[in-house]
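Trainee: Got a minute to go through a model with me? I'd like to begin with one helix and then zoom out.
Mentor: Sure, put it up.
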Amino acid sequence: QVPNDFAFTLYQGQEDLGAESMNFSDLQGKPVVLNFWAGLCPPCRAEMPEFQEFYDEYHDRVILLGIDVGQFTSLGNRADAEALLKQLGVTFPAGFTEDPAIMRNFKVLGMPTTVFVDSEGEIFRSWTGALNLKTLSEIADELLAQ
């Protein structure tokens, strides 16, 4: 059993992950970069193109999953989130959860927050605030090297 397991439904990326609705524990066995974002969060918007570049480069080694937490942060609803994904043309897996416990379980203290999870489901590192491609890649390389 993965600590902090939660159910989520994808807006996009079903072909990558193999289902539209699943549990986080279903991804175990591969490292996951879990990005908590929201449709009306300016720094989330700012970092998304770099996350797309990261996805293009790393998708065969690391699962990138964006989880929209707009409903828990007052930063937009699902329509806002889907509009942002479409506007930016990002293609990495992104969805939402109905489980408010993720905010506490993953210590989402600011927006965006990115949590690096190892293949056993353990948290390797957390990052609060926007990430650029360089830092994202460096932390992912450390995660892959452990």
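Trainee: Which residues of H6 are buried?
Mentor: Leu 133, Leu 136, Ser 137, Ile 139, Ala 140 and Leu 143. Buried means under 20% relative accessible area, exposed over 50%, partly exposed in between (1.4 Å probe, protein chains only). Helices (H or I, at least four residues) and strands (E, at least two) are DSSP runs, numbered from the N terminus.
Trainee: How do they sit around the axis of H6?
Mentor: The buried residues fall within an arc of 170°, so they line one face of the helix. That arc is taken over the directions from the helix axis to the C-beta atoms.
Trainee: What is exposed on the face turned away?
Mentor: Lys 134 and Ala 145.
Trainee: And what covers the buried residues of H6?
Mentor: The cover includes strands S3 (32-37), S6 (113-117) and S7 (123-128), plus helix H2 (42-58). Contact means heavy atoms within 4.5 Å.
Trainee: Can I trust the numbers?
Mentor: This is a predicted model: local features need pLDDT of at least 70, side-chain atom pairs count only at pLDDT 80 or more, and totals for chains, interfaces and linings use all residues. Residues are numbered from 1 along each chain as its sequence is written, and side-chain values use heavy atoms, with hydrogens and water left out.
Trainee: Zooming out, how many helices and strands does the protein chain have?
Mentor: Six helices and seven strands. Their pattern along the sequence is β-α-β-β-α-β-α-α-β-α-β-β-α.
Trainee: What share of the residues is buried?
Mentor: Of the 146 residues, 49%.
Trainee: What does the C-alpha trace span?
Mentor: About 35 × 30 × 30 Å along its principal axes.
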